[in-house]
Protein chains: 2
Amino acid sequence: MKNWFYLNPRSGIPMYLQLKEQIKTAVAGGALRPRDQLPPVRELAVALTVNPNTVARAYSELEREGILSAEQGRGTFVNGGEPLLREEERQVQIKSLIDKVLVEAFNLRITGDQLNAIWEERLKAWENRLQR
Amino acid sequence: MKNWFYLNPRSGIPMYLQLKEQIKTAVAGGALRPRDQLPPVRELAVALTVNPNTVARAYSELEREGILSAEQGRGTFVNGGEPLLREEERQVQIKSLIDKVLVEAFNLRITGDQLNAIWEERLKAWENRLQR
DNA sequence: AAAATTGTATTAAAACATTGATACAAATTG
DNA sequence: CAATTTGTATCAATGTTTTAATACAATTTT
């Protein structure tokens, strides 16, 4: 579990957000699976040369989002249980994200057809990654 | 052009961003068309009970993004000309947005099929809006 | 050409966010 | 049951962002 994450202190993106993003991506892509344990806050903090609070913040926000599950004394794990939100709420959330993509795309003068092509390509890329 | 935009000072989202978002959405959906004039900075600032700088910031950032076009003394208009970025760069940008949607979706345990259904629905909704 | 209309620039105050130092608390291990 | 391992809480310092006050500059109107 070492060398999995990499933080750039000068990227302009807060380090706790960089870490959150990398964990989310690892979980979504299947590199981290349900019940996998993440490195202890202090260990990862040392590895990333960052304050333990920074790692703790990433972990606890991901716990609030239902992606991780932390227990004092035991550790932090990838959450395999039920999603926090009801089906409908989850779909509402994704719809609003998709609408944002569509707004950006049309403002970039990308056509519906081009968009569809990109969508299919990316979705397939992720689905392949998941099967492994 | 009155009553088109609405700002909530206590939403937690900066007001200039709320305004940007609303303008982008209006342009993407065809409610604002190329060459349409936006309200003058001061006029909109009064209507939204906000400092003129706040409106000016939204306008100028949208100009940087190639969505609006402002001329001192004349006004601010929806930009109909060529996109700022090359085809390839625009596609890269959208790909990365789509990847973010996919990461969120998989973390919300939304399946590829459900996702595709939502995608099609939203894309059609926007395409209909544009035809009008 | 003066007045009005419009966007732009500068600067400062206030609000907010990020990171770090340090201490606390629960569970596990020996 | 003491020591260790792990997450959590509090608080302060620093940095960044947002908003506002005010003045400037270009174009259009009268």
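These legends walk you through close-up views of a predicted model with two chains, A and B.

**View 1. The fold of chain A, from end to end.** Let's start with the overall layout: chain A has five helices and three strands. Follow the sequence and you meet these elements in the pattern α-β-α-α-β-β-α-α. The C-alpha trace of chain A spans about 50 × 35 × 30 Å along its principal axes. Among contacts between residues at least 6 apart in sequence, 51% join residues at least 24 apart.

**View 2. Inside and outside of chain A.** How much of chain A is buried? Of its 132 residues, 39% are buried. On the outside, chain A exposes about 7900 Å², with carbon and sulfur atoms supplying 49% of that area. Charges are worth a look here too: chain A carries 19 positive and 17 negative ones, and the mean positions of the two sets are 6 Å apart.

**View 3. A close look at A:Leu38.** This residue belongs to strand S1 of chain A, which covers residues 37-38. Is A:Leu38 buried or exposed? Its relative accessible area is 2%, and buried means under 20%, so A:Leu38 counts as buried. For a sense of distance, take A:Ile94, which sits 56 residues away from A:Leu38 along the chain. The C-alpha atoms of A:Leu38 and A:Ile94 are separated by 27 Å.

**View 4. The sheet of chain B.** Now switch chains and find the open sheet of three strands in chain B. Which order do the strands take? They are arranged as S1-S3-S2, and their pairing is antiparallel. Strand S1 (37-38) and strand S2 (68-71) of chain B are the edge strands, each pairing on one side only.

**View 5. Where S1 meets S3 in chain B.** Zoom in on S1(B) and strand S3 of chain B, the latter made of residues 75-78. These two strands run antiparallel and are joined by two bridges. To get your bearings, look for B:Gln37, which stands opposite B:Phe77 in S3(B).

**View 6. How the two copies are related.** Two copies of a chain are related by a rotation about an axis and a shift along it. Here, a turn of 179° and a shift of 0.1 Å along the axis lay chain B on chain A with an RMSD of 0.2 Å. The two copies are therefore related as by a two-fold rotation axis. Of the interface residues of chain B, 98% are also interface residues in chain A, so the copies meet through the same surface.

Conventions. Residues are numbered from 1 along each chain as its sequence is written. Chains are lettered from A and ligands numbered from 1 in the order in which they are written. This is a predicted model: local features need pLDDT of at least 70, side-chain atom pairs count only at pLDDT 80 or more; totals for chains, interfaces and linings use all residues. Side-chain values use heavy atoms; hydrogens and water are left out. Helices (H or I, at least four residues) and strands (E, at least two) are DSSP runs, numbered from the N terminus. Buried means under 20% relative accessible area, exposed over 50%, partly exposed in between (1.4 Å probe, protein chains only). Contact means heavy atoms within 4.5 Å. Accessible areas come from the Shrake-Rupley method with a 1.4 Å probe; for residues, only the protein chains shown count as cover. Lys and Arg count as positive and Asp and Glu as negative; His and the chain ends are not counted. The place of a charge is taken as NZ of Lys, CZ of Arg, CG of Asp or CD of Glu. Copies are superposed by least squares on the C-alpha atoms of residues with pLDDT of at least 70 in both. Two strands pair if DSSP finds at least two bridges between them.
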